[in-house]
Amino acid sequence: MSKIGFIGLGNMGLPMSIGLMNSGYEVIGFDVNEERSLLFKKSGGNIALSSADLVAESDVILTSLPSNKAVEAVYLNKGGLLDHCNSSQVVIDTSTVAPELNQQLEASLSERSIPFLAAPVSGGVVGAENQTLTVMVGGKEETFQKVKDILNVIGGNVFHVGEQIDKGTTVKLINNLLIGFYTAGVSEALQIANQKDIDLNDLFSMMNVSYGQSRIYERNYKTFIEPNDFNPGFALKLLRKDLEFAMEVADNNQLDLPISKSLLDLYRNLEHQGYGDQDMAVLYKYLKDTIDQNKEATT
Ligand code: NAD
């Protein structure tokens, strides 16, 4: 069985690594944040002191990182994956990054014949914990075949979207644009219920058997809005990042998407106001607080 190295033990990477371990794989982890490494150790995982040490012990290396910048650092900086991996290994990035970065990494890694897949995921922390993520894979068929058993452990639905490295990312960005829409829709629509004294639990039950329901309404309401706890989950700043990438794809293809643009402005504004580290569902709370404050000011 392949030995797996996992870099980035955050909200997604930690449960994915634990899932792989629980399914019988030997997993060695690495995170720049010691607290995250300790959490993995407490779950029975082995920790590497550096990504170079991790690479030396792994057949397949997975990464789950928060930004383009972090992915560039882990892959391309001196002492990174490009320097240490070899052609007998497979590297898989599960982070959501710009399609151009998928292409740049593939070009650099292929110069050293290092097989690479860009395989962003959807399904959130719950999906990572339950090993039911949707995995949207771009990259060579031959490479995909080598690691599909591993991808099937982290995901319940694994799609090899195409050999073009950024194909999976494009699908993932469409998914997250929809998440941005649904999150904004739920956040605004629920304000009407609040004003008209409709209990939000009752509303949820009725929407649950109506076309107004969505997976995002269920997720945002049940996990964050109802308990009034906006600890992520999926941080608002990560959603904002993905909407930026989606808009870049639209711009590069001369697509004018005015509603998406105004959504991006909305999330940018919230991040600017300090909500970036909270779950994206915090948009509901921001709108409610703003409405309540405006009411107070006028009474
Ligand atoms: P996170 O911020 O919780 O985790 C990222 C981890 O990477 C952190 O623990 C951080 O310390 C670590 N890290 C950063 N730089 C590093 C480096 N140079 N070397 C090693 N470790 C480093 O983010 P997350 O929510 O787990 O998301 C990870 C990726 O998955 C993102 O690209 C995100 O867009 C995507 N994603 C997240 C969700 C979700 O619901 N959270 C769902 C689907 C996809």
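K140 counts as partly exposed, at 43% relative accessibility; partly exposed denotes the range between buried, under 20% relative accessible area, and exposed, over 50%, computed with a 1.4 Å probe on protein chains only. The structure is a predicted model, in which local features need pLDDT of at least 70 and side-chain atom pairs count only at pLDDT 80 or more, whereas totals for chains, interfaces and linings use all residues. Residues are numbered from 1 along each chain as its sequence is written, and side-chain values use heavy atoms, with hydrogens and water left out.

K140 is located in the loop that links β8 (133-138) to α8 (141-154); helices (H or I, at least four residues) and strands (E, at least two) are DSSP runs numbered from the N terminus. Apart from neighbours within four places in sequence, K140 contacts E106, L117, H160 and E163, a contact being heavy atoms within 4.5 Å. Between K140 and Q273 the C-alpha to C-alpha distance is 42 Å, and the two residues are 133 positions apart in sequence.

A second loop position, S58, lies between α3 (51-56) and β4 (60-63). S58 is buried, its relative accessible area being 5%. The side chain of S58 reaches the backbone oxygen of L54 at 2.6 Å. This is a polar contact, defined as a pair of N or O atoms within 3.5 Å; within protein, one atom must be able to donate a hydrogen and the other to accept it, and residues adjacent in sequence count only if both atoms are side-chain atoms. When residues up to four places away in sequence are not counted, S58 touches K3, I4, G5, I28 and Q89.

The UniProt record, an unreviewed entry, places the feature "active site" at K172; such annotations may be inferred rather than shown by experiment, and their positions follow the numbering used here, with feature names shortened. K172 belongs to helix α9 and is buried, with a relative accessible area of 6%. Beyond four places in sequence, its contacts are T96, P120, V121, S122 and M136.

The same UniProt entry type, unreviewed, assigns "domain: 3-hydroxyisobutyrate dehydrogenase-like NAD-binding" to residues 167-287. This segment is 74% helix and 0% strand, and its end C-alpha atoms are 35 Å apart. The largest nonpolar core comprises 33 residues, of which L190, I225 and Y267 touch the most other members; a nonpolar core is a set of buried Ala, Val, Leu, Ile, Met, Phe, Trp, Tyr and Cys residues joined through side-chain atoms within 4.5 Å. At least two residues of this core come from each of α9 (167-195), α10 (200-207), α11 (215-225), α12 (236-252), α13 (258-275) and α14 (282-298), with α9 giving the most, 6 residues. Residues touched by I225, beyond four places in sequence, are V186, L190, N220, F230, A281 and Y284. A second, separate core of 28 residues includes I4, M12, V90 and V153.

The ligand is surrounded by 26 residues, the closest being N11, M12, D31, L65 and K241; a residue qualifies if one of its heavy atoms lies within 4 Å. Ligand oxygen atoms lie 2.9 Å from a polar backbone atom of N11, 2.6 Å from a side-chain N or O atom of D31 and 2.8 Å from a polar backbone atom of L65. The ligand taken alone exposes 830 Å², of which the protein buries 87%; areas were computed by the Shrake-Rupley method with a 1.4 Å probe, and for residues only the protein chains shown count as cover. Both α4 (68-76) and α12 supply at least two residues of the surrounding shell, and α12 gives the most, with 3 residues.
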